[in-house]
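Reader: I am new to protein structures. Could you take me through this one in short steps?

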Amino acid sequence: MANVAFCRSLKLPLSDNTPPPQHHRHQTRRTPSLSLYRCHIPGKASIFHSDNNARAKARPRLRITCQAIDLQQSKEGSDIEFSITAGQDRLLKVPTSNIRNFSIIAHIDHGKSTLADKLLQMTGTVQRREMKEQFLDNMDLERERGITIKLQAARMRFIYENKAYCLNLIDTPGHVDFSYEVSRSLAACEGALLVVDASQGVEAQTLANVYMALENNLEIIPVLNKIDLPGAEPSRVSQEIEEVIGLDCSNAIHCSAKEGIGIFEILNAIVQRIPPPLDTTKRPLRALIFDSYYDAYRGVIVYFRVVDGTIKKGDRIVFMASDKDYYADEIGVLSPNQLQVDELYAGEVGIGSCTLWGEWFSELRDALEKLQLNDAALEFEPETSSAMGLGFRCGFLGLLHMEIVQERLEREYNLTLITTAPSVVYRVNCTNGDTVECSNPSLLPEAGKRRSIEEPIVKIEMLTPKDYVGTLMDLAQKRRGEFKEMKFITENRASITYMLPLAEMVGDFFDQLKSRSKGYASMDYSFVGYKESELIKLDILINGDIVEPLATIVHKEKAYTVGRALTQKLKELIPQQLFKVPIQACIGAKVIASEALSAMRKDVLAKCYGGDITRKMKLLKKQAEGKKRMKAFGKIDVPQEAFMAVLKLEKEVL
């Protein structure tokens with residue numbers, strides 16, 4: 001249809017003396033008895049014909065004048081209007097062969113959310129008056145940070161070659177900490193848009209997501225975004241994709257999501273190149289749940305992809321993981337707001353709520369259990385601490401994931417939280433032959449019962465411009481990294497591979513990598529296994545009491561530096577008390593670093609402006625006895641900032 005031109009019709013009933021028609025629209029006069037239709041013929045101008053041949057023949061002097069207009073000038077406006085109009089009816093059913101389930105995978109800040117916004121707008125899924133940036137990012141936290149945290153789904157209706165298609169977009173995060181969200185989205189799709197910044201090129205997370213998509217046998221459509229930027233190099237990036245990933249980029253789509261360039265080409269490619277789901281409507285019901293969240297009024301809401309069969313409102317369904325059955329109270333779709341439907345069949349993506357789930361969740365009073373429904377990557381188990389009281393030990397995918405979960409718990413459930421230092425799971429080989437897994441330093445067997453400690457090792461790949469190779473290798477070496485290989489992907493970009501202890505990476509490694517490379521480097525990592533190492537337990541004592549949440553397992557060579565850094569930082573952050581507070585770092589009974597928080601002095605002599613000196617001495621002695629008593633029985637409130645400081649300490653200092 002690329003060469004088709006549109007015609008503007010001028011209908012003029014002429015007599016013998018009527019002068020030739022003037023090509024001005026305002027001088028035309030319409031004939032009400034004619035019904036005109038527009039036909040598209042490839043390579044030709046549009047033709048108008050009548051459905052009333054008798055009346056047309058009765059007016060032999062009716063002339064129709066066509067004015068050809070270049071399609072490139074008029075196509076955009078008319079196609080947008082047509083798509084927006086067609087997109088209003090998103091609940092109309094289409095055959096399974098006309099369903100396309102796809103995801104958008106990209107590195108963070110490569111324009112994925114902007115592209116999703118433009119797809120929603122161009123298909124008429126979201127009206128212009130309702131449109132806002134990061135439309136699918138419905139959490140305030142996502143908007144503040146400018147990132148996608150939770151996967152979202154949106155159903156769009158698109159007309160291609162006069163046929164209606166249902167496009168189900170399952171949006172994904174781009175940050176490495178949320179790769180589990182990406183894996184669940186890809187499991188529900190048949191294809192994916194690989195969005196790469198035309199100015200930055202392939203990043204580490206791009207590779208990780210592409211490999212994840214290939215493992216799911218998805219059709220991948222390469223899209224080069226931000227081609228409107230002055231520094232965009234589409235040809236170089238296309239070559240880089242072919243060399244690094246191995247995808248054919250001869251038909252890669254060049255677009256600018258911000259300017260709306262290439263959006264219709266992307267929609268057409270989704271229809272043409274992504275395969276439809278299998279038509280298994282007649283089989284027994286099977287559905288894949290890829291997300292869920294808790295609603296205070298409706299209970300648990302699940303996001304699912306119907307794999308086989310049909311699900312209707314009121315059906316009795318069985319959840320295979322828990323082996324429990326429920327009634328489907330509500331069935332609907334996200335478009336992107338929730339719209340109720342009566343039925344969903346194989347290939348469709350929808351949401352549902354079940355009766356008994358709400359009753360079961362009425363017993364859940366802890367916010368972590370509710371949040372886990374919405375974030376399956378979050379793991380937690382109960383824990384008791386002498387310093388912190390009752391709490392939970394949680395598992396995260398990275399520091400950003402931890403910060404997001406903490407802020408969501410505080411905002412959405414009105415909680416006040418204290419977060420302790422991150423740790424990994426170690427394997428302890430005991431002298432009696434047993435092997436114990438310890439995620440908490442307090443669970444370590446006594447030193448006399450330990451034969452060796454093994455720590456988890458990861459393989460980390462850093463992609464960086466060649467100018468920052470030296471400083472990133474220095475970073476890895478200081479984190480006890482073992483160099484494996486370095487190769488140049490292109491003339492100016494290198495890939496560096498190290499074997500690194502996971503404990504050295506869970507802190508601020510990613511922040512340091514970005515800082516040292518001025519934001520240009522990226523990384524990806526994978527778990528390799530366990531390796532024996534010289535590790536010891538470092539305890540922190542405040543006023544003589546062990547603060548277990550601050551205890552860490554560190555390498556023997558770094559014990560003193562870590563202890564010195566922790567005690568100095570805690571001295572700065574713990575508020576002054578009315579008595580002297582010692583802060584110590586210990587290995588067993590041996591103190592390796594110590595600081596003291598000086599007492600806050602209250603001027604008890606302020607009221608003594610004269611008189612005998614013995615009166616002043618009496619007041620000072622009474623004050624000293626009070627301080628001694630407070631030191632013996634006083635409790636220290638360790639502020640949240642003190643625990644967060646452990647996370648922020650630079651490893652060079654540690």
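Author: A salt bridge is a side-chain nitrogen of Lys or Arg within 4 Å of a carboxyl oxygen of Asp or Glu. This is a predicted model, where local features need pLDDT of at least 70, side-chain atom pairs count only at pLDDT 80 or more, and totals for chains, interfaces and linings use all residues. Residues are numbered from 1 along each chain as its sequence is written, and side-chain values use heavy atoms, with hydrogens and water left out.

Reader: How many salt bridges does a search of the whole structure find?

Author: The search applies the cut-off just given, a nitrogen within 4 Å of a carboxyl oxygen. Run over the whole structure, the search gives a total of 24.

Reader: Which parts of the chain does the salt bridge of K93 and E348 tie together?

Author: The two side chains meet at 3.1 Å, N to O. Helices (H or I, at least four residues) and strands (E, at least two) are DSSP runs, numbered from the N terminus. The pair ties together parts that are 255 residues apart in sequence, because K93 lies in the loop between helix 2 (71-86) and strand 5 (99-106), and E348 in the loop between strand 17 (343-345) and strand 18 (349-354).

Reader: Is E348 buried or exposed?

Author: Buried means under 20% relative accessible area, exposed over 50%, and partly exposed in between (1.4 Å probe, protein chains only). Its partner K93 has 41%, so K93 is partly exposed. E348 has a relative accessible area of 1%, so E348 is buried.

Reader: Which residues does N168 contact, leaving aside neighbours within four places in sequence?

Author: N168 sits in strand 7 (residues 163-171). Its relative accessible area is 2%, so N168 is buried. Contact means heavy atoms within 4.5 Å. With those neighbours left aside, the contacts of N168 are I99, R100, N101, F102, A154, R155, G347, E348 and V349.

Reader: Where do the buried residues of helix 12 lie around its axis?

Author: Helix 12 spans residues 469-478, and its buried residues are V469, L472, L475 and A476. The arc is that of the directions from the helix axis to the C-beta atoms. These residues cover an arc of only 125°, so they lie on the same side of helix 12.

Reader: What covers those buried residues of helix 12?

Author: Strands and a helix are both among the cover. The cover includes strand 23 (450-465), strand 24 (482-488), strand 25 (493-501) and helix 14 (509-516).

Reader: Which residue forms a salt bridge with K478?

Author: K478 is partly exposed, with a relative accessible area of 42%. Its partner is partly exposed too, at 31%. Both lie in helix 12, four residues apart, about one turn of the helix. The closest N and O atoms are 3.6 Å apart, and the partner is D474.

Reader: Which residue forms a salt bridge with R480?

Author: R480 comes just after helix 12 and takes a positive phi of about 65°. R480 has 22% relative accessibility, so it counts as partly exposed. The closest N and O atoms of the salt bridge are 2.8 Å apart, and the partner is E455.

Reader: How many residues apart are E455 and R480?

Author: E455 is in strand 23, while R480 is in the loop between helix 12 and strand 24. The pair links distant parts of the chain, and the separation is 25 residues.

Reader: What accessible area do F483, M486 and F488 have together?

Author: The three form a nonpolar patch on the surface. Patches are made of residues with over 30% relative accessible area and no salt bridge: like charges are joined within 9 Å, nonpolar side chains (Val, Leu, Ile, Met, Phe, Trp, Tyr) within 5 Å. F488 counts as partly exposed at 47%. Accessible areas come from the Shrake-Rupley method with a 1.4 Å probe, where for residues only the protein chains shown count as cover, and the patch has about 280 Å².

Reader: How many disulfides are there?

Author: A disulfide is a pair of cysteine sulfur atoms within 2.5 Å. Take C438, whose closest cysteine sulfur, in C430, is 7.8 Å away, too far for a bond. By this rule the count of disulfides is zero.
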